[in-house]
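User: Hi! I am new to this structure and would like a close look at one part of it. Could you walk me through a single helix, step by step?

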Amino acid sequence: MPRPTAAQLAYGSCTVIFSTLAMLLLSQTSSGVGIAVIAVSALALGLLVAMTVPLPRQSVAEAPRRAATTHAEQTPVPATVAAATEPVHERAAS
């Protein structure tokens, strides 16, 4: 699982703080249950916003290098080379 970026953390945190304040002010609730519902919904909204922030795109310089690496990794190995590199495990004669 990739780590969240700074932008994801910032957007998610701001969403939680501002949505909690807005919902508390608009609902004018003072009960514990109401505050708990607002807090949980604000956390869910902040998580949703943080996960939907677009991830940074790879730079132009990295794209050709990555394409060259994946092309080299996808090149098939001839059967004779693959067979020669595998270790042979045989029992010794008794």
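Analyst: Happy to. A helix here is a DSSP run of H or I that is at least four residues long, and helices are numbered from the N terminus. With that in hand, we can place Gln8: this residue sits in helix 1, which covers residues 6–27. Please keep in mind that this is a predicted model.

First, a little context. The protein has 4 helices and 0 strands, and along the sequence the pattern reads α-α-α-α. There are 94 residues in the protein, of which 11% count as buried. The accessible surface of the protein is about 8,200 Å², and carbon and sulfur atoms account for 68% of that surface.

Now to helix 1 itself. Helix 1 is made of 22 residues, and from its first C-alpha to its last it reaches 31 Å, close to the 32 Å expected at 1.5 Å a residue.

Which residues of helix 1 are buried? They are Gln8, Gly12, Thr15 and Ser19. These residues cover an arc of only 60° around the axis, so they lie on the same side of helix 1. Part of what covers the buried residues of helix 1 is helix 2, residues 32–52.

Gln8 makes a good example of this buried side. A residue counts as buried when its relative accessible area is under 20%; Gln8 has 7%, so Gln8 is buried. Leaving aside residues up to four places away in sequence, Gln8 touches Arg3, Ala50, Val53 and Leu55.

Next, let us turn to the other face. The face of helix 1 turned away from its buried side carries the exposed residues Ala6, Phe18 and Leu25. Phe18, which also lies in helix 1, shows what exposed looks like in numbers. The cut-off for exposed is over 50%, and Phe18 has a relative accessible area of 57%, so Phe18 is exposed. Phe18 also takes part in a nonpolar surface patch: together with Ile17 and Leu21, Phe18 makes a patch of about 330 Å².

Finally, what happens just after helix 1? There, Gln28 takes a positive phi of about 50°.

To put the picture together: one side of helix 1 holds Gln8, Gly12, Thr15 and Ser19, with helix 2 included in their cover, while the face turned away from that buried side carries Ala6, Phe18 and Leu25. If you rotate the model around helix 1, Gln8 at 7% and Phe18 at 57% are two handy residues to look for.

Terms used. Residues are numbered from 1 along each chain as its sequence is written. This is a predicted model: local features need pLDDT of at least 70, side-chain atom pairs count only at pLDDT 80 or more; totals for chains, interfaces and linings use all residues. Side-chain values use heavy atoms; hydrogens and water are left out. Helices (H or I, at least four residues) and strands (E, at least two) are DSSP runs, numbered from the N terminus. Buried means under 20% relative accessible area, exposed over 50%, partly exposed in between (1.4 Å probe, protein chains only). Contact means heavy atoms within 4.5 Å. Patches are made of residues with over 30% relative accessible area and no salt bridge: like charges are joined within 9 Å, nonpolar side chains (Val, Leu, Ile, Met, Phe, Trp, Tyr) within 5 Å. Accessible areas come from the Shrake-Rupley method with a 1.4 Å probe; for residues, only the protein chains shown count as cover. A salt bridge is a side-chain nitrogen of Lys or Arg within 4 Å of a carboxyl oxygen of Asp or Glu. The expected span of a helix is 1.5 Å times one less than its number of residues. The arc is that of the directions from the helix axis to the C-beta atoms.
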